[in-house]
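Reader: Please take me through this model by way of its pockets, helices and cores. I should like each answer to show its reasoning.

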Amino acid sequence: MEDDRRVGDLVGELVCHLQSDSSSPHSNSNPKPNPNSEDVKYAIRILSSRMTPLTVTNEAAMANSIKSHMAKQGKLSDALTFADLYSRFASKTGPGSVKNKRAVLYLLKVISEDRSSNPKFQTDRSFAASDTNGNDPSDLKDRSKGRNDNLRALSDHNLKKLKNGGVLSISRDPDDMRDMAYREFATLVNMESDVSEEVLVSDVLSVCQGIDGKYVKFDDTVDGYVLPDSIKVPKATRIMIRKLCELGWLYQKVIRYICENIDGFPSENVGKVAEAFCYALQDELLGYDKLLTTLQSHDLSLRRLSVWLVESMVKMRRMAVLVDSCRSLKGGAMAGAIHLHAQHGDPLLHDFMKQLLQKLSSPLFEMVRSWVLEGDLQDSYSEFFVSEQSVKPESLWREGYKVNYLMLPSFISQSLAHQILRTGKSINFLKVCCNDHTWADLATESTCSTWTNPKRGGLGYGETNALESLVTESSKRIDKHLMDVIFNRYKFKEHCLAIKRYILLGQGDFVQYLMELIEPVLLDPANTISLFHLSGLLQKAILSSSAQHDDPDILDRLTVKMMPHGTTDGVHDIGWDVFSLNYDPRVPLNTIITESAMGDYLKIFNFLWKIRRVEHGILRSWKTMKPNLITYLLTKLPKGVKFQIVLRRCQVLWGQMSHFLTNLQSYIMFEVLEVSWAKFCNEMEIAKDLDDLIGAHDKYLSSVIEKSLLGESCEGVNKTLLMLFDVMLKFSSVLDKLYEGIFGFGSDKKGKGSKGTDSWVNEGRKAVTQRAGDFINNIGHDLDEVSKEYFLLLKGFICQLPMQQHVDLKFLMFRLDSGYY
């Protein structure tokens, strides 16, 4: 009971204090609180009710709010005093203390805000201030008369909140309270303007559509819409009009871009992607125009209009940025640039850019779909990231199609772009080079396995995973089918084996027959040899060897080729210098075995052919001498013992050269050709696409060239080796000369006494012996030169082998660098 009585007394003192503040400033009376008065009862009833504030905050937050409010008003001393009082108030706990401190703070805050916003209290304070400063209250009254008249309605309404001039009535505001306050504010603004706000709103809506208003017009000097300074409006209104008119300036920029591109289409500089971009912008502007039409039918203020146009302003600014950044771009480059602008954290902009990209990138995705499923490059304006070149069928795969990185959009990775390129290339290769059309069913299977719509519009922006799945499935099926066609229909492996057997001289019996048949012909000058005659000898060698059982298609591709010939140091080239075999891979195998690859094969053939020629030459010369058959001649010839010594030297040197050639051929045939072929066969088995197969073949060919000392890094050792071959051919010439000399002396002896011939009797034994001695000396001198040059070159050749990069050349060094040498 004592607590209730104490609370009642405190409430009475508060009501009395409020009434004293609201009374006339000239009244000095302080009425004592009357607990039985109607005002105190009304206040106690309100405090005892269960009404709660709309915003519930804790005690500390309420205290901080009050301090901040005082500090913003410049009442720093009052804020400090309040902070001190609050700390003492909050520290009171236990019996007799206020339990609901937050409610008390909220009550005081509401009362303070109500008093500060009540014009009656402000008017009373102004009168009190005038009395204090010694001014005439009537002057102040005249000065505030206009303001009081304008705010009379608001004052009357606010005074109704106070019962008996000071007690706060806590009740909900009328529903139209905000509208009443807004209309009162608008009335005040219109009194300070030469133009009504309704007219300004109408002008702004017109400007937002790029049309000059009655007062707001476009000014070329400032490149924007402005309200003339001669028209009097509040500064805040002028700023708001300038901000809203930015929409009109942006609108005109976007419209000009659309008109320029639509009028210029179709053209090389615009393209389908730019056209789709313009239509997407038109769709956005159409929705924007509908919004403006709707707003024109409503009674809006500039502030409400600015709120309605916030989203449109964001979109229009973004469209203007896109227009500026994409003005000189087209195709995939334009889509990629716009995609970079879509990387934004604002959900509104992100969704807007996604819708825009879905529309403008549809032509690009249609090109991708048509390329990977049909092999058609529908790119009339050079917008696609796959570019096409006009080339021959054999160059279609390597040079016909390339990735144009300038047109590659940033939302498609380079690896995916290369996979897209290869898929379309495979389809075109099947159509053009292989004359195969069964790939169409495979494309349908690819779309079914990935649940992708094979028709136009089945792919779009944001469906990167679906695109990758479609490309992967289509590529896998098309590549597998292409490999089947290459290996089974066109027998790629069999043709590679034929090149190895005939061009790389792996078919031993055929090479031997060919050597024996064409040797007499190739000794003639090259310009006197008939290509037709050589072709006949080639066919005869085929029929004389096991090559006759090969596929006729393979044998038909094997031909004779005469390389360009002329004179070297005044000496005409002979047949051995220009003869070569050629193999025609034909379409589509010439995509893998290209013209340059055949040039490398011919380079290897000429090298191997030179080895076989040298071997065949020295072997033929030695067999022609038939040492066992002419021994009886040597025993009866003058200087016969010396002839035997020279012959012995020739035999030793011939054995050394034969040993070198045998080991060199063994190395090339077994450690180079066979090993490289085995690796090539393994890589052919695991090749998944044509690029893998081309890479395996190029690797095989380059391996053979490097190991055979024909690469660029082996030029020095190859030159030494060719010089060794020339020395061996010179040795073969010495053997032929020796045989002719021995045969000549033997013929002279056999022809003794015959008519028309020089004989031992006619010439004299001493003279013949002298001539035989001179001949032996000349032969010995030639052998000395050949032997010296041969061993010098051989030593240099062996010394150069360790410096070669390829590790397999060490095996050749081990074969040749023996103690015998």
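Author: In what follows, contact means heavy atoms within 4.5 Å. The model is a predicted one.

Reader: Which residues, beyond its neighbours within four places in sequence, is Arg613 in contact with?

Author: Arg613 belongs to helix H28, which covers residues 595-625. Once the neighbours within four places in sequence are set aside, the residues in contact with Arg613 are Met515, Ile574, Trp576, Asp577 and Leu729.

Reader: Is Arg613 buried or exposed?

Author: A residue counts as buried when its relative accessible area is under 20%. The relative accessible area of Arg613 is 16%, and therefore Arg613 is buried.

Reader: Which residues lie nearest the centre of the second largest pocket?

Author: The second largest pocket holds about 890 Å³ of space. Helices H27 (575-578), H28 and H32 (715-750) each supply at least two residues of its lining. That lining comprises 27 residues, and those nearest the centre are Asp577, Lys610, Arg613, Asp726 and Leu729.

Reader: How many residues of the lining of the second largest pocket are charged?

Author: Asp, Glu, Lys and Arg are the residues counted as charged. The lining divides into eleven nonpolar residues, six polar and, as charged residues, ten.

Reader: How far apart are the end C-alpha atoms of helix H22?

Author: Helix H22 runs over residues 464-489 and has 26 residues. At 1.5 Å a residue, the helix should span 38 Å. The computed separation of its end C-alpha atoms agrees with this, at 36 Å.

Reader: Which residue with a positive phi follows H22?

Author: The phi in question is near 50°. The residue that follows H22 with this positive phi is Lys491.

Reader: Which helix gives the most residues to the largest nonpolar core?

Author: The largest nonpolar core has 199 residues, and Phe510, Phe660 and Phe797 have the most contacts inside it. With 18 residues, the helix that gives the most to this core is H30, residues 640-686.

Reader: How many residues form the second, separate core?

Author: Met62, Ala63, Ile66 and Tyr86 are among the members of this second core. The number of residues in this separate core is six.

Reader: What percentage of contacts between residues at least 6 apart in sequence join residues at least 24 apart?

Author: The protein has 35 helices and ten strands, and buried residues make up 43% of its 821 residues. Among the contacts between residues at least 6 apart in sequence, the share joining residues at least 24 apart is 73%.

Notes: Residues are numbered from 1 along each chain as its sequence is written. This is a predicted model: local features need pLDDT of at least 70, side-chain atom pairs count only at pLDDT 80 or more; totals for chains, interfaces and linings use all residues. Side-chain values use heavy atoms; hydrogens and water are left out. Helices (H or I, at least four residues) and strands (E, at least two) are DSSP runs, numbered from the N terminus. Buried means under 20% relative accessible area, exposed over 50%, partly exposed in between (1.4 Å probe, protein chains only). On a 1 Å grid over the protein atoms alone, a cavity is a set of points where a 1.4 Å probe fits but cannot get out, and a pocket is an open set with protein on both sides within 12 Å along at least five of seven lines; lining residues have an atom within 4 Å of a point. Grid points are joined across faces, edges and corners, and a volume is the space filled by probe spheres set on the points. The expected span of a helix is 1.5 Å times one less than its number of residues. A nonpolar core is a set of buried Ala, Val, Leu, Ile, Met, Phe, Trp, Tyr and Cys residues joined through side-chain atoms within 4.5 Å.
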